[in-house]
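Let's take a friendly walk through a protein model together. Have a look at the picture first, and then we will go through it part by part.

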Amino acid sequence: GLTGGGNAGANTTLAVGAGTGITVVADSVAVDQAFSPTWTGTHTFNETIIGAKRVRLTGVSSPAALAASQNDYSIAASVSLARLTPAALGSTITGITAGTAGDFLYLINISVTPGDTITLTNEDAASSAANRFILASGTSSVIQPGGAIILWYDGASSRWRQIDRIA
């Protein structure tokens, strides 16, 4: 990596040492552009993140089939994508365990059977206030078999907000 300090100027000397993805030979430095770092923990970026490839969600869960009605449905905080199987003829979710401000959660209905829908209900008192949904239409949102919904946890209102729905 690079060491040193101060401000870079026209005649600044930087001490460069080899590291993962960096090769130093005599007066040249090579950076391996194929290097893919693995990060753990929480990272904050204060600028725009631009990616040339897809985003990979590693917190994927395939829990047991839903009951007909689910209040305060529990999804682990480590899960960013839940592959859900509704009960026969559909399931209703009135709320999901509160997230952390800024969390995104993708729900996918993996059923292929017509009528096996997942309905999210808007501001349903059957779930705790912090677990409820604020849905785009102000009414229930239905996830058809093969469909999905993207939710974002709004820390200011302590609610899951619908960002998008794919029929």
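## A word to start with

A residue is called buried when its relative accessible area is under 20%, exposed when that area is over 50%, and partly exposed in between. Glu-123, at 32% relative accessibility, therefore counts as partly exposed. Keep these words in mind, and remember that this is a predicted model.

## The overall build

What kinds of elements does the protein have? There are 14 strands and 0 helices. Reading from the N terminus, you meet one strand after another: β-β-β-β-β-β-β-β-β-β-β-β-β-β.

The protein has 167 residues, and 27% of them count as buried. About 10,700 Å² is exposed, with carbon and sulfur atoms supplying 53% of that area. Now take the contacts with a separation of 6 or more: residues 24 or more positions apart account for 53% of them.

## A sheet of six strands

Strands of a sheet pair through backbone hydrogen bonds, and they can do this in a parallel or an antiparallel way. Here, an open sheet of 6 strands runs in the order β5-β7-β9-β13-β14-β11, and its pairing is mixed. The edge strands are β5 (60–61) and β11, each of which pairs on one side only.

Let's start at the β5 edge. β5 pairs with strand β7 (residues 81–84) in the parallel sense over 2 bridges, and Val-60 stands opposite Leu-81 in β7. At the other edge, strand β11 (residues 133–134) pairs with strand β14 (residues 159–166), again in the parallel sense and over 2 bridges. There, Ile-134 stands opposite Arg-161 in β14.

## The hairpin of β13 and β14

In which sense do β13 and β14 pair? Strand β13 (residues 148–154) and β14 are antiparallel partners, joined over 7 bridges. In this pairing, Ala-148 stands opposite Ile-166 in β14. The hairpin has 4 residues between its strands, and Ser-158 takes a positive phi near 50 degrees. Ser-158 has this positive phi although it is not a glycine. At 28% relative accessibility, Ser-158 counts as partly exposed.

A pair of aromatic rings is described by the distance of the centres and the angle of the planes. The count for this protein comes to 1 aromatic pair. Its partners are Tyr-153 and Trp-160, arranged edge-to-face with 5.0 Å from centre to centre and 75 degrees between the planes. Both rings belong to buried residues: Tyr-153 has a relative accessible area of 4%, and Trp-160 has one of 3%.

## The nonpolar core

In soluble globular proteins, nonpolar side chains tend to be buried together. The largest nonpolar core here has 19 residues, and the members that touch the most others are Ile-93, Ile-96, Leu-107, Leu-120 and Leu-151. Two or more residues come from each of β7, β9 (104–109), β10 (118–120) and β13. Which element gives the largest share? That is β13, with 3 residues.

Leu-107 is a good residue to zoom in on. Leaving aside neighbours within four places in sequence, its contacts include Ile-75, Ala-82, Leu-84, Ile-96, Leu-120 and Leu-151.

Another residue to find is Thr-119, which lies in strand β10. Thr-119 is buried, since its relative accessible area is 16%. With neighbours within four places again left aside, Thr-119 is in contact with Ser-91, Thr-92, Ile-93, Ser-140, Ser-141 and Val-142.

## Two salt bridges

Side chains of opposite charge can pair when their charged atoms come close. How many salt bridges does a search of the whole structure find? The search finds 2.

One salt bridge joins the side chains of Glu-123 and Arg-159, at 3.0 Å from N to O. This pair links distant parts of the chain, 36 residues apart: Glu-123 is in the loop between β10 and β11, while Arg-159 is in strand β14. Arg-159 counts as buried because its relative accessibility is 14%, whereas Glu-123 is partly exposed. Glu-123 also has a positive phi, near 45 degrees, in a residue other than glycine.

Arg-161 forms a salt bridge with Asp-154, and their closest N and O atoms are 2.7 Å apart. Arg-161 is partly exposed, with a relative accessible area of 28%, while Asp-154 counts as buried at 11% relative accessibility.

Technical notes: Residues are numbered from 1 along each chain as its sequence is written. This is a predicted model: local features need pLDDT of at least 70, side-chain atom pairs count only at pLDDT 80 or more; totals for chains, interfaces and linings use all residues. Side-chain values use heavy atoms; hydrogens and water are left out. Two strands pair if DSSP finds at least two bridges between them. Rings of Phe, Tyr and Trp (its six-membered ring) pair if their centres lie within 6.5 Å; planes under 30 degrees apart count as stacked, over 60 as edge-to-face and the rest as tilted. Buried means under 20% relative accessible area, exposed over 50%, partly exposed in between (1.4 Å probe, protein chains only). Contact means heavy atoms within 4.5 Å. Accessible areas come from the Shrake-Rupley method with a 1.4 Å probe; for residues, only the protein chains shown count as cover. A nonpolar core is a set of buried Ala, Val, Leu, Ile, Met, Phe, Trp, Tyr and Cys residues joined through side-chain atoms within 4.5 Å. A salt bridge is a side-chain nitrogen of Lys or Arg within 4 Å of a carboxyl oxygen of Asp or Glu.
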